[in-house]
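Trainee: I should like to understand how the terms used for a structure are justified. May we go through some of them together?

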Amino acid sequence: MDSIWIGNAERPAFPTMPGSLKTDVLIIGGGMAGLLCAHMLKKAGVDCILVEAKKICDGTTCDTTAKITLQHGLIYDNLIRQFGREKAQMYLFAQQKALREFGRLCQNIPCDYEKLDSFVYSVNDRLKIEKEITALNSLGCKARFSNGEVLPFPVAGAVGVNNQAQFHPLKFAFEIAKNLPIYENTKVLELMPGKVLTNRGQISCKKIIVATHFPILNKHGSYFLKLYQHRSYVLALECAQKVDGMYVDEDKKGLSFRNYGDRLLLGGGSHRTGKKGGNWHELEKFARKHYPSARVVGKWATQDCMSLDGVPYIGQYSKNTPDLYVATGFNKWGMSASMVSAIVLTDLVQGKPNEYAQVFSPSRSILHPQLAVNAFESVVGLLTPTTPRCPHLGCALKYNKAEHSWDCPCHGSRFTESGEVINNPATDDKRM
């Protein structure tokens, strides 16, 4: 089964690139982040082009659960301790601005947008919840304690924030994509100063935004160390409980809940790409126990890039690439992070200051515990004497029985059983 978003949104068609072109700003990647960047740049009067290797929104955007919220797990208490109150507040303000901008755009787009309260719960740690409530309130965001009584199991507590939102991501994305300068089936083969080579010709440009989920350029920015990828799974259930809000576990391996119409979207089964996890089996077992009358009407998986410190990388690709920009590491919160990316990058590519840019700078410190984990996985993957191997950096691939794919535990590339690339950073198919 595909995600429930596919098939009930009218997909616009875009041409392939007709030959060599010239533009001021080139955007690589036609997911939500790339589309919002193109939308805002065009609105600002900037000459831009967006190229997509396949079809727009065929990746993570079509597999999201489409929650638009400033709550990204229990992040604010951690941000205050890690970066200080000022940067934590800037992170919060950026998310609030993203929410407002979605609300403004969705007034004119029929995309099933609705405001709902958002909750982050903990199964067994009330103290974590209380600390997060204190942190949010200290930053000026009204947060409250909830018992999570609508959930089908007891929890220690939840952090509630009013007036967050959810929507149909493809109805929204396809609408804003109309009339944008987009070329589909146009694959970038090589990035060079001032130009890009594609399978359809060359594009001369002054600035480049890489919005390809995982950055495709290895020689700058050390993203192969700064990022890892995480898979999670979703069931769409009919005849299941209505939760009247959006709920997510503070634990990365926990469950999430939201409704879309008369369907409950149950998410979970998460694991690092290339590792074992609960996948759909875990969700199906949970549904049988807690929603015995429910029927599965949708079933899909998604993949997210995870940063070292829980904050996305949005800004200049590296210190040595002044005309190259990136948006990545959204940590499972791709809707709000995509809008923040567009807000920040629209200013930066025009040479304007942006008040949030410092918080998301890709050049910030990489000295975090996750760096050692990522480095360890890379070394293990490189030294494992098995085939097949990933064409990205040569790590050994692991077979994913649940999804019948070959997955890379180092950087998250995935391939079909016959070797066709599914998820980047690998850009080439692998002979199996």
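Mentor: The following exchange sets values from this predicted model against the definitions behind the terms.

Trainee: How do you know that the span of helix H1 fits its number of residues?

Mentor: Helix H1 covers residues 32–43, and from its first C-alpha to its last it reaches 16 Å. The expected span is 1.5 Å times one less than the number of residues. For the 12 residues of H1 that expectation is 16 Å, and the helix is close to it.

Trainee: What makes H1 a mostly covered helix?

Mentor: Of its 12 residues, 10 are buried. Among them are Met 32, Leu 35, Cys 37, His 39 and Leu 41. Just after H1 comes Gly 45, with a positive phi of about 80 degrees.

Trainee: Let us turn to the aromatic rings. How many aromatic pairs does a search of the whole structure find?

Mentor: The search finds 16 aromatic pairs. One of them joins Phe 119 and Tyr 247, with 4.5 Å centre to centre and 10 degrees between the planes.

Trainee: Why is the pair of Phe 119 and Tyr 247 called stacked?

Mentor: Ring centres must lie within 6.5 Å to pair, and planes under 30 degrees apart count as stacked. At 4.5 Å and 10 degrees, Phe 119 and Tyr 247 form a stacked pair. Phe 119 lies in strand S4 and Tyr 247 in strand S12, 128 residues apart, and the pair thus links distant parts of the chain.

Trainee: Why is Phe 119 called buried?

Mentor: Buried means under 20% relative accessible area. Phe 119 has 4% relative accessibility and therefore counts as buried. Tyr 247 is also buried, with a relative accessible area of 4%.

Trainee: What makes the pair of Phe 153 and Phe 257 tilted?

Mentor: Planes under 30 degrees apart are stacked, those over 60 are edge-to-face, and the rest are tilted. The planes of Phe 153 and Phe 257 stand at 45 degrees, with the ring centres 6.1 Å apart, so this pair is tilted. Phe 153 is in the loop between strands S5 and S6, whereas Phe 257 is in strand S13, 104 residues apart. Ring pairs link both residues into a cluster with Tyr 121, Phe 286 and Tyr 291.

Trainee: How do you know that Phe 153 is buried?

Mentor: The cut-off is under 20%. Phe 153 has a relative accessible area of 17%, so it is buried. Phe 257 is buried at 0%.

Notes
Residues are numbered from 1 along each chain as its sequence is written. This is a predicted model: local features need pLDDT of at least 70, side-chain atom pairs count only at pLDDT 80 or more; totals for chains, interfaces and linings use all residues. Side-chain values use heavy atoms; hydrogens and water are left out. Helices (H or I, at least four residues) and strands (E, at least two) are DSSP runs, numbered from the N terminus. Buried means under 20% relative accessible area, exposed over 50%, partly exposed in between (1.4 Å probe, protein chains only). Rings of Phe, Tyr and Trp (its six-membered ring) pair if their centres lie within 6.5 Å; planes under 30 degrees apart count as stacked, over 60 as edge-to-face and the rest as tilted.
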